[in-house]
Structures are given as C-alpha cells and as structure tokens.
Amino acid sequence: MDLVSNDALFQEALTHFPGGVSSPVRAFRAVGGTPKFFRKASGAWFEDEDGRRFLDLCMSWGPLILGHARPEILAAVTESMNEGLTFGAPSRRELALARKIKTMVPFIEKMRFVSSGTEAVMSALRAARGFTGRDRILKFEGCYHGHSDGLLVKAGSGLVTFGAPTSAGVPKGIAELTSVVTLDDLDTLERTFSEMGSELAAAIIEPIPANNGLLLQRPEFLQRLRELTAKHGVVLIFDEVISGFRVAPGGAAERLGITPDLATYGKIIGGGMPVGLYGGRRDIMGVVAPDGPVYQAGTLSGNPVAMAAGLATLEQLTPAFYADLEAKAAAWAAAFATIPGLHCPRYGSLLWPLFQDGVRRSDAVKGEAIGSFNRLHKALLDQGVYLPPSGYEVAFLSGAHGEAELAHFKRAVAAAAPAFA
Ligand SMILES: Cc1ncc(COP(=O)(O)O)c(C=O)c1O
C-alpha cells in the first residue's frame, strides 16, 4: 500500500467526520497537533501513515492487554471468521466465553453480551430499574460510563444534587433522574443515602476511576458504598469496562474484595473486537427479556468472531501474566517519575502521568498540571512515544511492553525531561 501523508488524510477526514474523527478524544484537540493515522500495529508498536514508528501507551484505550495483533488472537479470529461472520442466532463460542468469564469472575451468575461498554452500562441500569421499580440513579463526578443520556450528567446545584446535562441534546428531565456525588466525599454519600436511598434503583461507580485521570479511592469509601446500597436495596453496579480483567482476573471487585450486584465490562473481553457485557446476580438478571419484562436486544450481540477474540485473550490471562504485568508497570511508573515534577499514580497496568500529587477527586486536578501534560505529550511524540492525547486519560501497558520497549521509553524520557526541570 502506498504511503499517504498523515496530514493529507486528516484534511480529508475533516470533510467526512465531525472533527475528522469517529470518537472525539482522538481529534488531538486537547493536546494540539494532528492525530496520528495508524497504518498497522504489532506488539507495543504502531506505524503511522508517514511511515514513522511509535511506542504505543494508549493501546486502543484498554482492550489490548496482550498487545497489538497477538498471533493467538488473530488465529482464533481467522478460524471463527471462516465459519461465518455473524449468525444472529446462538453459537457455541458465546458459551465458551461465558464459561471462561464465570471462572474468572465468580459473582457473575448470569450475563448478557452486547457490543460496547456504553450499551452494557445502559442495559445494566435498565435492569436495575426494572428490578427495583425505582427510577433514580446515583453516579460519581469524574467517573465515565459511556455516552448514554442519563450518564452525561454532572452535579447540579442544591444540597443533595439532581444532575445537569454535560452534553447538549441530553434532556433536562433525564439528567435530573441522576444524582451525582463527588468521589472521596463520605459525608455527601451518607447524606444522599439518608435523603434518597429509598428512591435509588442503582449506584454506579468505576471502582478504579480511570476516566478523569486515575482517581484512586480509599477502600473505606467503596466499602461504605457497598454497605449503604445493601441497606437501602439499591443495586450496586461496578463499571469495570477498564478495570475488568486488567487489574486482576476478577477485576477491581477481586482486588478490592467488594462484590457488586451487577458489573459491566467491555474492552478486554472483546480482545480488540467490539464487545460489552453486563451481568451479576441471577435474580436481577432474571428481569431481562425474554425471561423478564426489561427489554434489551442486539443484532450483533454475542458475535462469534468477537467471542473468539475475547476467549483467546482471556485464555492468556494467567496469574503469572498478571504478576509479570504488575512488576513491569512499577518499572514504567518509576521511569515516568524521573521527569521533574511528574508523579505517576498507578493501579496495576493503569498509569497516570500527572504533574501533581495526591489527587482523589476530579475537581482537584489543576489546569497547570494538564498544561504540562500537553507539553509532555508533544515532547514524547517527537521521541517516538504515543501517550493518550489528553491529560485526563490514563496510559495502558500490555504484555507486549518488554525490556526493549522500556529502554526506548527511558531514552525518550531522558531526552524530554530537561524541558521540565
Ligand atoms: C468505565 C467505562 N465505562 C464505559 C465506557 C464506554 O465504553 P465504550 O466506549 O465501549 O462504549 C468506557 C469507555 O472508555 C469506560 O471507560
């Protein structure tokens, strides 16, 4: 294939797509410059359309825990593709993946496959509402749960808040059904449950919040959320679209020792193909159609090729794999932290390069810290390292980030660091 310049492709893309992209953060508006068009990728590396190679620390935002184009996954996908791309009917590959998921996440008694994280969350909330007969939901400022109407919501004014839309096009009436509490704010959490606990269908949280940087919570905050939801009959949903199968076989729930009622997954369970999943308690999942009255469906749900990619991925995720990834990630975080002023909060293989320390809530992130990240993004890109194009995003490591990659990264960091002294 001939090389077409990155810039020329982006100019054309601007004529086709809003911002030239299929998803906003890819547009590089936060960090400036022209987005990289990926031509091909393998392991921890990709080549752009200008023919330059980059070390990838974004990894498609999380699915690629084994790296790009892992041979075992490609083989499984090829075998599945040769038997048909989609059936719109049950197939044995859904069962194989479901069995594997149950061995890794024991609290999942029943589940439903969908095609994205957004869809998983939207469907889990509907199930919770159907199960409890209540309409209101609770979310936490700084957690992202996909782009469905009721979740593009921030805290409104007032003591115990009714949400206000964060996006045009979200009806006020829908946003108001979402209450929003700040992370790490136990007092407001207590007050919210005492004032409206009996109205809440569900409380949803990223147990390892990783969409506004990495806002690691005190264990007692999450533990108290578990107690309050149980006390008030509120369905606790862990959104593990990022943390699921990444921070441990059983995700954040396993590492924190807290069992939610439902959980949502995406990313890794599709091994790079579009998949989402919601599941958990058998009685709650029992409300989902056709067993129960909560409608939810999908033409491509349980797609056999995606199931094959997901299963081939999960099969590689042994305890030894996680132990190795953890050790590697500590070395990468230490390398990041050699940049003057940079701290690198980390949880498993999720890293947040941040020019600030000790942040647990979204409103604590300083503008200057993000400004410094934007400079770092450009400096590292010049050195052949691709960070997620926003200071509010975490970097993702994979099994393919080995010694050679770490050496390349350290060289890039050493070249970029003096500008931050
Ligand atoms: C925690 C969380 N939930 C939900 C979503 C939405 O998933 P998707 O982009 O597949 O719709 C994301 C996406 O990044 C996420 O990080």
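Start by selecting G133, which is exposed, having 7 other C-beta atoms within 10 Å. In this tour a residue is buried if 20 or more other C-beta atoms lie within 10 Å of its own, exposed if 12 or fewer, and partly exposed in between, with C-beta atoms placed from the backbone. This is a predicted model, in which local features need pLDDT of at least 70 and side-chain atom pairs count only at pLDDT 80 or more, while totals for chains, interfaces and linings use all residues. To find your way, note that residues are numbered from 1 along each chain as its sequence is written.

G133 sits in the loop between helix 4 (117–132) and strand 5 (136–141). Helices (H or I, at least four residues) and strands (E, at least two) are DSSP runs, numbered from the N terminus. Now add E199 to the selection: its C-alpha atom is 9.3 Å from that of G133, although 66 residues separate the two along the chain.

**Colour by domain**

Next, give domain 1 (6–69 + 318–420) and domain 2 (71–314) a colour each. These bounds come from an automatic or database domain assignment. The C-alpha centres of the two domains lie 25 Å apart. Where they touch, domain 1 contributes 22 residues and domain 2 contributes 25 residues; two residues are in contact if their C-beta atoms, placed from the backbone, lie within 7 Å. On the domain 1 side of that contact there are 15 nonpolar, five polar and two charged residues. Here Ala, Val, Leu, Ile, Met, Phe, Trp, Tyr, Cys and Pro count as nonpolar, Asp, Glu, Lys and Arg as charged, and the others, Gly among them, as polar.

**Into the core**

Which residues touch the most other members of the largest nonpolar core? Select A128, A202, V235, I237 and L351, which hold that place among its 122 residues. Domain 1 and domain 2 each supply at least three residues to this core. A nonpolar core is a set of buried Ala, Val, Leu, Ile, Met, Phe, Trp, Tyr and Cys residues joined through C-beta atoms within 7 Å.

Zoom in on L351. Setting aside neighbours within four places in sequence, its contacts are A329, W332, A333, F336, C344, R346, V394, A395 and L397.

**Two helices side by side**

Now show helix 6 (residues 186–196) with helix 7 (residues 219–231): they pack at an angle of about 5 degrees, and their axes are 11 Å apart. Axes are lines fitted to C-alpha atoms, for helices over the stretch in contact, and angles run from 0 to 180 degrees between N-to-C directions. That angle makes helix 6 roughly parallel to helix 7, a label for angles under 35 degrees, with over 145 counting as roughly antiparallel, 65 to 115 as roughly perpendicular and the rest as oblique. Display the side chains of L186, L189 and F193 on helix 6, and of F221, R224, L225 and L228 on helix 7, since these residues make the contact. They divide into six nonpolar, no polar and one charged.

Just ahead of helix 6, pick D184, in the loop that follows strand 8 (178–182). D184 has a positive phi of about 65 degrees although it is not a glycine. Buried or exposed? D184 counts as buried, with 20 C-beta neighbours inside 10 Å.

**An enclosed helix**

Move on to helix 10 (residues 304–314), where eleven of the eleven residues are buried, so this helix is largely enclosed by the rest of the structure. To see some of what covers those buried residues, show helix 2 (71–81) and helix 3 (92–104).

In the loop between helix 9 (282–285) and helix 10, select P290. The peptide bond from A289 to P290 is cis, with omega near 10 degrees. Then step back to D283 in helix 9. D283 counts as exposed, with 11 C-beta neighbours inside 10 Å. The C-alpha atoms of D283 and K110 are 8.9 Å apart, across 173 residues of sequence.

**Last stops**

Select S60, in the loop between strand 3 (53–56) and helix 2. Its phi is near 55 degrees, a positive value in a residue other than glycine. S60 is partly exposed, with 15 other C-beta atoms within 10 Å. P388 is 328 residues away in sequence from S60, yet their C-alpha atoms are 9.1 Å apart.

Finish at G33, in the loop between helix 1 (6–16) and strand 1 (38–42). G33 counts as exposed, with 12 C-beta neighbours inside 10 Å. Beyond four places in sequence, G33 is in contact with F28 and K378.
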